[in-house]
Amino acid sequence: MDFLNDYVVLVILGICYCVGFILKHAVKNETLDRLIPLIMGALGIFLNVWASDWVITPAIILGGLASGLAATGTNQIFKQLSKDDEDDAD
């Protein structure tokens, strides 16, 4: 999985993370929660194609997907770390 690090675009990861955070907290809906990774993957592809002057290649699609889905993973890492901090405080 380390090879995916070459494809993650930090700006796209950040945008997807923020959009996912807004969606999660603005709309309280379990169906939407399950769709957030799909939405972030699609948004990541769109943003990476846009950033590449609308050129579509497998590498650009992979970079967008990796960035969008990494945003979802980053959210889970923060959630787990904050959960561990709460457990340590007890």
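**Helix packing in a predicted model**

Q: Does Tyr-17 count as buried, exposed or partly exposed?
A: In this predicted model, Tyr-17 has a relative accessibility of 22%. Buried would require under 20% and exposed over 50%. Tyr-17 therefore counts as partly exposed.

Q: Which residue forms an edge-to-face aromatic pair with Tyr-17?
A: The count of aromatic pairs comes to 2. In one of them, which is edge-to-face, the centres are 6.0 Å apart and the planes meet at 80°. An angle over 60 degrees counts as edge-to-face, and the partner of Tyr-17 in this pair is Phe-78.

Q: How many residues apart in sequence are the parts that the pair of Tyr-17 and Phe-78 ties together?
A: Tyr-17 lies in helix α1, whereas Phe-78 lies in helix α3, residues 58-89. Phe-78 is partly exposed, with a relative accessible area of 48%. The pair ties together parts whose separation in sequence is 61 residues.

Q: Which helix gives the most to the largest nonpolar core?
A: The largest nonpolar core has 8 residues in all, including Ile-12, Leu-32, Ile-36 and Ala-71. Both α1 (10-26) and α2 (30-51) supply at least two residues of this core. With 4 residues, the helix that gives the most is α2.

Q: Which residue forms a salt bridge with Asp-33?
A: The count of salt bridges comes to 1. Asp-33 is partly exposed at 29% relative accessible area, and its partner is partly exposed at 28%. The closest N and O atoms are 3.3 Å apart, within the 4 Å limit, and the partner of Asp-33 is Lys-24.

Key
Residues are numbered from 1 along each chain as its sequence is written. This is a predicted model: local features need pLDDT of at least 70, side-chain atom pairs count only at pLDDT 80 or more; totals for chains, interfaces and linings use all residues. Side-chain values use heavy atoms; hydrogens and water are left out. A nonpolar core is a set of buried Ala, Val, Leu, Ile, Met, Phe, Trp, Tyr and Cys residues joined through side-chain atoms within 4.5 Å. Buried means under 20% relative accessible area, exposed over 50%, partly exposed in between (1.4 Å probe, protein chains only). A salt bridge is a side-chain nitrogen of Lys or Arg within 4 Å of a carboxyl oxygen of Asp or Glu. Rings of Phe, Tyr and Trp (its six-membered ring) pair if their centres lie within 6.5 Å; planes under 30 degrees apart count as stacked, over 60 as edge-to-face and the rest as tilted.
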